[in-house]
Amino acid sequence: SLDFHTFFINKQKSDVIIGRNVPPPIIAEIVNCPEKSKKSILKKVKHYIESGADIIDIGCVANKPYPNRIKKIISLIRENFETLISIDSMNSQEIIAAVERDVDMILSFDFGNYEDLISIPRDIPIVILPTNIQEGFFPKDPQTRVKRLFELTEILRSEGFKKIIVDPLLETPISPGISNSLEAYFLYNNEVLKENNQ
């Protein structure tokens with residue numbers, strides 16, 4: 001049986017599982033997807049699925065919301081392929097549009113948008129960030145990231161969300177360097193283990 005930290009993304013459609021002791025699913029992002037043609041999107045989806053992707057991720061355009069286009073893209077992919085679909089956006093309108101088309105996973109909630117999204121169905125997995133993109137807040141130090149991830153997790157759990165995936169933010173290895181990211185992952189993992197052993 002699956003524990004609290006392990007869950008199906010969408011059991012009705014797929015056996016892909018998120019969890020500590022299972023291989024991570026492969027998520028393939030179509031970057032700036034709303035600005036691509038139907039033909040280009042379908043070609044990318046086909047290529048990604050054939051290459052082993054478990055989830056097709058609709059990458060949105062920063063500061064340029066396309067909620068109606070998102071709905072059309074999800075329908076287009078569903079009409080042509082049987083695959084899990086996620087949306088990669090911080091924009092509440094785009095995320096709500098995707099939810100209206102039964103998207104399988106959401107990237108991402110943070111402190112700037114979660115209040116607008118509190119009414120979405122609880123069975124959709126959500127990735128959470130320690131940021132507040134609306135206010136341009138991106139915590140640099142690992143301790144702050146971990147603290148904020150726990151805070152947001154608590155808020156969302158108290159609202160009934162169970163399928164929460166934390167993202168301590170992986171930065172580019174060369175600049176600013178990967179050590180902050182690794183420290184954040186390490187600290188977060190230690191806190192979770194402490195919590196589980198209490």
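How many salt bridges does the structure hold? The predicted model holds 6 salt bridges. It also contains an open sheet of 6 strands, paired in the parallel sense. The points below start with the sheet, move to strand S6, and end with the charged pairs.

**The sheet**

- The strand order is S3-S4-S5-S6-S7-S8.
- Strand S3 (27–30) and strand S8 (164–166) form the edges, and each of them pairs on one side only.
- Neighbouring strands are turned against each other by 25° on average, with direction ignored.
- Helix H2 packs on this sheet and touches strand S4 (55–59) and S5.
- The direction of H2 makes about 155° with that of S4.
- In general, the strands of a sheet pair through backbone hydrogen bonds, either parallel or antiparallel.

**Strand S6 and its partners**

- Strand S6 covers residues 105–109.
- Is S6 largely enclosed or open, and why? Buried means under 20% relative accessible area. By that cut-off 5 of the 5 residues of S6 are buried, so the strand is largely enclosed by the rest of the structure.
- On one pairing, S6 joins strand S5 (residues 84–88) in the parallel sense over 3 bridges.
- In that pairing, aspartate 88 stands opposite leucine 107 of S6.
- S6 also pairs with strand S7 (residues 126–128), again parallel and over 3 bridges.
- Here phenylalanine 109 stands opposite isoleucine 128 in S7.
- Helix H3 (residues 92–100) belongs with S5 and S6 to a β-α-β unit. The unit is right-handed.

**A salt bridge between separate parts**

- Aspartate 104 forms a salt bridge with arginine 78, with the closest N and O atoms 3.0 Å apart.
- What does this pair tie together? Aspartate 104 lies in the loop between H3 and S6, while arginine 78 sits in helix H2 (residues 67–80), so the bridge ties together parts that are 26 residues apart in sequence.
- Aspartate 104 counts as buried because its relative accessibility is 2%.
- Arginine 78 is partly exposed, at a relative accessible area of 28%.
- Both residues belong to a network of salt bridges that links Lys13, Arg78 and Asp104.

**Salt bridges within helices**

- In helix H1 (residues 38–50), glutamate 50 and lysine 46 are 4 residues apart, so about one helical turn separates them.
- The closest N and O atoms of the glutamate 50 and lysine 46 salt bridge are 2.8 Å apart.
- Is glutamate 50 buried or exposed? Glutamate 50 counts as exposed, at 59% relative accessibility.
- Its partner lysine 46 is partly exposed, with a relative accessible area of 44%.
- In helix H4 (residues 142–158), glutamate 151 and lysine 147 are also 4 residues apart, so about one helical turn lies between them.
- Their side chains meet in a salt bridge of 3.1 Å, N to O.
- Glutamate 151 is partly exposed, with a relative accessible area of 33%.
- Lysine 147 counts as exposed, at 54% relative accessibility.

Notes:
Residues numbered from 1 in each chain as written. Predicted model: local features only at pLDDT ≥ 70, side-chain atom pairs only at ≥ 80, totals over all residues. Heavy atoms only, no water. Buried < 20%, exposed > 50% of the residue type's maximum accessible area, 1.4 Å probe, protein only. Helix = DSSP H or I, 4+ residues; strand = E, 2+ residues; numbered from the N terminus. Pairing = 2+ DSSP bridges. Right-handed = clockwise from strand over helix to strand, strands pointing away. Salt bridge = Lys/Arg side-chain N within 4 Å of Asp/Glu carboxyl O. Axes fitted to C-alpha atoms, helices over the stretch in contact; angles between N-to-C directions. Contact = heavy atoms within 4.5 Å.
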